[in-house]
Amino acid sequence: MIEINHLSKHFKGGIHALDDITLNIGTGMFGLIGPNGAGKTTLMRIIAGLLRPTSGEISVSGNDITQADGKRAMKTMLGYLPQELGLYPNLTAREFLDYIAILKGITDSASRKKQIDDLLAMVRLEDAGKRRLKAFSGGMKRRVGIAQALIGTPKLIIVDEPTAGLDPEERVRFRNILSDIATRCTVILSTHIIEDISQSCNDLAVMNHGKVIFRGAPRELIQQAQNHVWGIISTGERLPQEVTIVSTLQVAEGVQYRILGDPPAHLNAQPLQPSLEDGYMWLMKQRQIESVG
């Protein structure tokens, strides 16, 4: 559905936010991960038609969105939840969603009302629809943002850190909603919460310094850390700088570490099965070593 060829975006000051990206994204849930400043948000804003690339080509369902006609066609099929969504604080949740539905071309009032009712129920805000947005908590505002992105049954949904500010139960519920929707459209999910990717995406890309440094299935990224993940219980020994500590846990015997790398033999490290987070961190560690070398 989305074809990206040699896409670059440069900003003033010599900042290369995107550097010659080529990427194809089909139907389903597509995960986008990487550190802050990797270029994820810039890429999503270009796909959403909010930024023009410096060079390269990008099309959505055959529409060249670097051209005005293609951009208009793309926006009729788009649902977008940016990391920072501007809300109108004096509108109620229902009034805000009604306004967004009108902007998306849903002119029939009965159709708008039914969609809004369904979406408020989906994000568990049906009892708060008449409350003004300025009275909403951060998590409630995020749920309104999720609802507005789904108005109009979009064929392409772009969500940037969608579960930020949601409690664990809400995160699981929203992941399930997106997974269900992704059976009939394309969903691009960018997040720092690796668990959200591992539980919902069957395809992903890792970005760093404006480049795609990995593209494949989650299991393929996990495989990269195979035989490099270890568990150690330490009673005070210093771990070598060459290893990366993934997690620490206080236990009765001392401190239990989950590490990446080659631990010294005297620490009696036990091999562990890698997770997606391990695969991601191992990939980033190897890239860092390559850049230094």
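A cavity here is a set of grid points where a 1.4 Å probe fits but cannot get out, and a lining residue has an atom within 4 Å of such a point. In this predicted model, the residues that meet that description for the largest cavity are Met122, Val123, Arg124, Arg143, Ile146, Leu166, Glu170, Arg173, Phe174 and Ile177. The space they enclose comes to about 80 Å³. Helix by helix, α5 (138–149) and α6 (168–181) each put at least two residues into this lining, with α6 giving the largest share, 4 residues. Sorted by class, the lining of the largest cavity is a mix of 6 nonpolar and 4 charged residues, with no polar ones.

The structure holds 2 cavities of 30 Å³ or more. The second largest cavity has a volume of about 40 Å³, and its walls are built from Ile46, Leu51, Arg52, Pro53, Ile58, Ile65, Thr66 and Lys71. That lining splits into 5 nonpolar, 1 polar and 2 charged residues.

Now for the open spaces. The largest pocket offers about 440 Å³. Its lining runs to 19 residues, and those nearest the centre are Leu78, Tyr80, Ile100, Lys104 and Gln148. Two elements, β6 (78–81) and α3, give two or more residues each to that lining. As for chemistry, the lining of the largest pocket breaks down into 12 nonpolar, 5 polar and 2 charged residues.

The second largest pocket holds about 280 Å³ of space. Of its 13 lining residues, Leu150, Thr153, Pro154, Ile181 and Arg184 sit closest to the centre. Helix α4 (residues 109–122) is the main contributor here, supplying the largest share of the lining with 4 residues. By class, 7 of the lining residues of the second largest pocket are nonpolar, 3 are polar and 3 are charged.

Helix α3 turns up again on the outside of the model. Leu103 lies in this helix, which spans residues 93–103, and Leu103 joins Tyr88 and Tyr99 in a nonpolar surface patch of about 320 Å². With a relative accessibility of 58%, Leu103 counts as exposed, because the cut-off for that label is over 50%. So α3 appears twice in this account: as one of the elements giving two or more residues to the lining of the largest pocket, and as the helix that carries Leu103, whose 58% accessibility is why it is classed as exposed.

Conventions: Residues numbered from 1 in each chain as written. Predicted model: local features only at pLDDT ≥ 70, side-chain atom pairs only at ≥ 80, totals over all residues. Heavy atoms only, no water. Patch = residues over 30% accessible without salt bridge, like charges linked within 9 Å, V, L, I, M, F, W, Y side chains within 5 Å. Areas by Shrake-Rupley, 256 points an atom, 1.4 Å probe, with all protein chains shown as cover. Salt bridge = Lys/Arg side-chain N within 4 Å of Asp/Glu carboxyl O. Buried < 20%, exposed > 50% of the residue type's maximum accessible area, 1.4 Å probe, protein only. 1 Å grid on protein atoms, 1.4 Å probe; cavity = no way out; pocket = protein on both sides within 12 Å on 5 of 7 lines; lining within 4 Å. Points joined across faces, edges and corners; volume = space filled by probe spheres on them. Nonpolar A, V, L, I, M, F, W, Y, C, P; charged D, E, K, R; others polar.
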